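Please keep the viewer open beside this text and make each selection as it is named, taking a moment to look before you read on.

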Amino acid sequence: MKYILVTIYALIFLGLGLIMENPKDIFEGMLLLLQEPSVLMTDYIEVAGIGAAFVNSGLVTLFAIMIFRYQKIDLSGVAFGTLSLLTGFALFGKNILNMWIIIFGVLIFAKIQKDKFNKYIYVAFLGTCLGPVFSQLLFATPYSLGTRILLSTGVGLVVGIILPPVATYLLRVHQGFVMYNVGFSSGLIGTILMAILKVYGIEVESKAIWSEGNNTLMGWFLFIFFVVVIIVGYFYNNKKISNLKNIFSYSGRLICDFVTLEGFGVTLINMGINGIAALGYVLLIKGELNGPAIGGILTIFGFGAFGKHIKNMTPIIGGLILGSILNAWTLNAPGVIVASLFATGLAPIPGKYGWPYGIVAGFLTATAASHMGVLHGGLNLYNVGFTTGIVAMFLIPIIEAFKKEDYYEAQQ
């Protein structure tokens, strides 16, 4: 049943793309999309059209589901989080061409370690945030075609090979307080790679491509989708919502798999609530529902199965609102909206230590995110994920020095 539902989910996004534009425009848009360097921020809706962007999103998700099925993966919370993240980021940076090189690199690492690929499958798919490395080297470097193919393939495979050990080690560094551990790891790899490319005179052009005017269509589409998810979860949960409060009792600190801990039905309800809350936030502040914003909303939706809920996310958003009140930024600026949505990756901090620390974490993440992209040049799509790792490394030791007790234990 889980595989049937996620397949329907992917087909919904694919189907939306197919009905939005005619086949010729979708085909031409896909060609444009696949040849983009795809560094942050490259909104595929603006570059290729809404039809091609959603077709790409649906296909990326379907391919992932097929591999999950082939590898006999049980669809737990982390799987739902991974799939929704792929769906969202396939609207602004991941595509059916650049995702494979990272996956193959991780597969090679598994072979070297004489392990099964399914042990690293989530790192492989989440690590496709470094797909722009392949696209940038293949389509935006001044070399012959043969050289570009060899360079992009070789570097992409090396990135995939080194990603699993780096991600495994950094999980210990932030102690599970960063939900986007692979984003943190990929940011570090992207920063090192960017430095190497600059040494050899390879420049990465920054991007700031955003679409506008999608709010009515995308707003209704996402709202109806999230409501349907809640309804499905309600019936799957034996027509009750009383156990939803159990989910709110978790801090969200990794690993916090709601499907395993509380069940599939109530997890779907939490995911739908998360999605509506994130959508409502963007619309309330009069933001634009472009590719990156929709990607952020879908990530919050998916991680409703893997640690995020209204209670531990709200203080993070509070930190962003505080920054706006203090005139640090405009709340509905495109970059700030993206930072707001993805900063919820630090939800375990207020979940464990309380809401004041969540406000601080949200404020620091939004402050730092605008500067972190320079380090990796946009080669890492999970820029805010990288930022949350830096903030957690800075903030957690300070919190621990002054506050020893667990917030939820103290409440009990």
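Begin by selecting E28 and K24 and showing their side chains, which in this predicted model meet in a salt bridge with a distance of 2.7 Å from N to O. Both residues belong to helix α2, which covers residues 23-34, and they sit 4 residues apart, about one turn of the helix. The count of salt bridges in the model comes to 3.

Next, select the stretch after that helix, where the peptide bond from L40 to M41 is cis, with omega near -20 degrees. If you colour by secondary structure, you will find M41 in the loop between α2 and α3, the latter being residues 44-48. Another cis peptide bond can be shown by selecting L254 and I255, since the bond from L254 to I255 has an omega near 0 degrees. I255 is placed in the loop between α12 (244-247) and α13 (258-262).

While you are looking at the backbone, select K114 as well, a residue other than glycine whose phi has a positive value, near 60 degrees. K114 lies in the loop that runs between α6 (99-113) and α7 (121-126).

Now turn on the surface and select M1, I4, I8, I12 and Y236, which form a nonpolar patch there with about 480 Å² of accessible area together. Which helix gives the largest share of the nonpolar patch? That share, 3 residues, comes from helix α1, residues 2-20, and I4 is a residue placed in this helix.

For the last stop, hide the surface and select helix α5 (residues 77-89) together with helix α15 (residues 291-302), whose axes come within 8 Å and cross at roughly 175 degrees. Angles over 145 degrees count as roughly antiparallel, and therefore α5 is described as roughly antiparallel to α15. To see where the two helices touch, show F80, G81, S84, L85, T87, G88 and F89 of α5, and then add G291, G295, L298, T299, F301 and G302 of α15, which together make the contact. Colouring these residues by class gives 5 nonpolar and 8 polar residues in the contact of α5 with α15, and no charged ones.

Note on methods. Residues are numbered from 1 along each chain as its sequence is written. This is a predicted model: local features need pLDDT of at least 70, side-chain atom pairs count only at pLDDT 80 or more; totals for chains, interfaces and linings use all residues. Side-chain values use heavy atoms; hydrogens and water are left out. Axes are lines fitted to C-alpha atoms, for helices over the stretch in contact, and angles run from 0 to 180 degrees between N-to-C directions. Angles under 35 degrees count as roughly parallel, over 145 as roughly antiparallel, 65 to 115 as roughly perpendicular and the rest as oblique. Contact means heavy atoms within 4.5 Å. Ala, Val, Leu, Ile, Met, Phe, Trp, Tyr, Cys and Pro count as nonpolar, Asp, Glu, Lys and Arg as charged, and the others, Gly among them, as polar. Patches are made of residues with over 30% relative accessible area and no salt bridge: like charges are joined within 9 Å, nonpolar side chains (Val, Leu, Ile, Met, Phe, Trp, Tyr) within 5 Å. Accessible areas come from the Shrake-Rupley method with a 1.4 Å probe; for residues, only the protein chains shown count as cover. A salt bridge is a side-chain nitrogen of Lys or Arg within 4 Å of a carboxyl oxygen of Asp or Glu.
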